[in-house]
Amino acid sequence: MVRTLMEIFSDKNKSPLSLEAAKEARDKGIKQVKDNADRKWQDTALAAVHQCAFGKESFIVDDVWEYMYDLHGAEQAHTRDNRAMGSIIVEAKKYGWITATNEYRPSARTKSHGNPRRVWKSLIYRQTEYQQREMEI
């Protein structure tokens with residue numbers, strides 16, 4: 001039986017829209033995919049986020065995937081559920097390596113269809129000598 005929005009809303013007088021419930025569901029989902037992700041993959045992904053944060057002032061998760069592909073190849077760069085990368089980003093935030101910005105860039109990953117991805121600001125970025133000279137020229 002198809003239920004109307006009014007029927008759903010009247011269930012226990014609870015709104016189907018709740019930011020608190022949405023955030024709880026997000027956190028539960030992030031934990032679930034992390035728990036199911038291969039530990040070696042998690043370590044590799046975290047190292048890739050650290051490398052991006054150390055070498056770039058800002059980046060999107062595509063940059064992390066690209067680093068993983070370059071270092072480990074496409075097959076090893078994936079886990080059962082690639083959404084587990086969200087848990088890696090959360091971990092990097094907790095370590096104080098990155099912080100969220102209000103900027104977004106389109107994803108170049110084919111499966112992402114150009115959807116916007118959050119830009120992460122590095123809190124551990126270190127310019128190389130070469131980068132410093134480039135800026136001076």
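## Terms and overview

Ala, Val, Leu, Ile, Met, Phe, Trp, Tyr, Cys and Pro count here as nonpolar; Asp, Glu, Lys and Arg count as charged; the others, Gly among them, count as polar. These classes return below, with the pocket.

The model is predicted. Its protein chain holds six helices and three strands. Read from the N terminus, the elements follow the order α-α-α-β-α-α-β-β-α. The chain has 137 residues, and 28% of them are buried. Its accessible surface is about 10,100 Å². Carbon and sulfur atoms supply 53% of that surface. Among contacts with a separation of 6 or more, 58% join residues 24 or more positions apart.

## The sheet

Strands of a sheet pair through backbone hydrogen bonds, in either a parallel or an antiparallel way. In this model, three strands make an open sheet. Their order is 1-3-2, and the pairing is antiparallel. Strand 1 and strand 2 are the edge strands, because each pairs on one side only.

Strand 1 covers residues 58–59 and is joined to strand 3 by two bridges. Strand 2 and strand 3 are paired over six bridges, again antiparallel. Tryptophan 120 of strand 3 takes part on both sides. Phenylalanine 59 stands opposite tryptophan 120, and alanine 100 has tryptophan 120 as its bridge partner.

## The loop between strands 2 and 3

Histidine 113 sits in the loop that links strand 2 and strand 3. Histidine 113 is not a glycine, yet its phi is positive, at about 55°. Is histidine 113 buried or exposed? Its relative accessible area is 67%, so histidine 113 counts as exposed. The cut-off for exposed is over 50%.

A positive phi also appears at glycine 96, which follows helix 5. There the value is near 80°.

## Helix 3 and its buried residues

Helix 3 spans residues 39–55 and includes valine 49. Alanine 45 also has its place in helix 3. An α-helix has 3.6 residues a turn, so residues three or four places apart point the same way. Valine 49 has a relative accessible area of 0%, so valine 49 is buried. Alanine 45 counts as buried too, because its relative accessibility is 0%. Buried requires a value under 20%.

What does alanine 45 touch, apart from residues up to four places away in sequence? The partners are Val64, Met68, Met85 and Ile88. Valine 49, with neighbours within four places left aside, is in contact with Phe59, Val64, Ile88, Ile89, Ala92 and Trp97. Val64 and Ile88 appear in both lists.

Two C-alpha distances add to the picture. Alanine 45 and alanine 77 are 32 residues apart along the chain, with 8.0 Å between their C-alpha atoms. Valine 49 and aspartate 63 are 14 residues apart in sequence, and their C-alpha atoms are 8.5 Å apart.

## Helix 5

Helix 5 runs from 85 to 94. Its buried residues are Met85, Ser87, Ile88, Ile89, Glu91 and Ala92. Which elements help cover these buried residues? The cover includes helix 2, helix 3, helix 4 (61–76), strand 2 and strand 3. Helix 3 gives examples of such contacts: alanine 45 touches Met85 and Ile88, and valine 49 is in contact with Ile88, Ile89 and Ala92.

## The largest pocket

Rolling a probe the size of a water molecule over the atoms shows where empty space is left. In this model, the largest pocket holds about 600 Å³ of space. Its lining has 17 residues. Ile30, Arg83, Met85, Gly86 and Ile89 are the closest to its centre. The elements that give two or more residues to this lining are helix 2 (19–36), helix 5, strand 2 (98–106) and strand 3 (116–122).

Which element gives the most to the lining of the largest pocket? Helix 5 does, with five residues. By class, the lining has nine nonpolar, three polar and five charged residues. Met85 and Ile89 are among the residues closest to the pocket's centre, and both are buried residues of helix 5.

Conventions
Residues numbered from 1 in each chain as written. Predicted model: local features only at pLDDT ≥ 70, side-chain atom pairs only at ≥ 80, totals over all residues. Heavy atoms only, no water. Helix = DSSP H or I, 4+ residues; strand = E, 2+ residues; numbered from the N terminus. Buried < 20%, exposed > 50% of the residue type's maximum accessible area, 1.4 Å probe, protein only. Contact = heavy atoms within 4.5 Å. Areas by Shrake-Rupley, 256 points an atom, 1.4 Å probe, with all protein chains shown as cover. 1 Å grid on protein atoms, 1.4 Å probe; cavity = no way out; pocket = protein on both sides within 12 Å on 5 of 7 lines; lining within 4 Å. Points joined across faces, edges and corners; volume = space filled by probe spheres on them.
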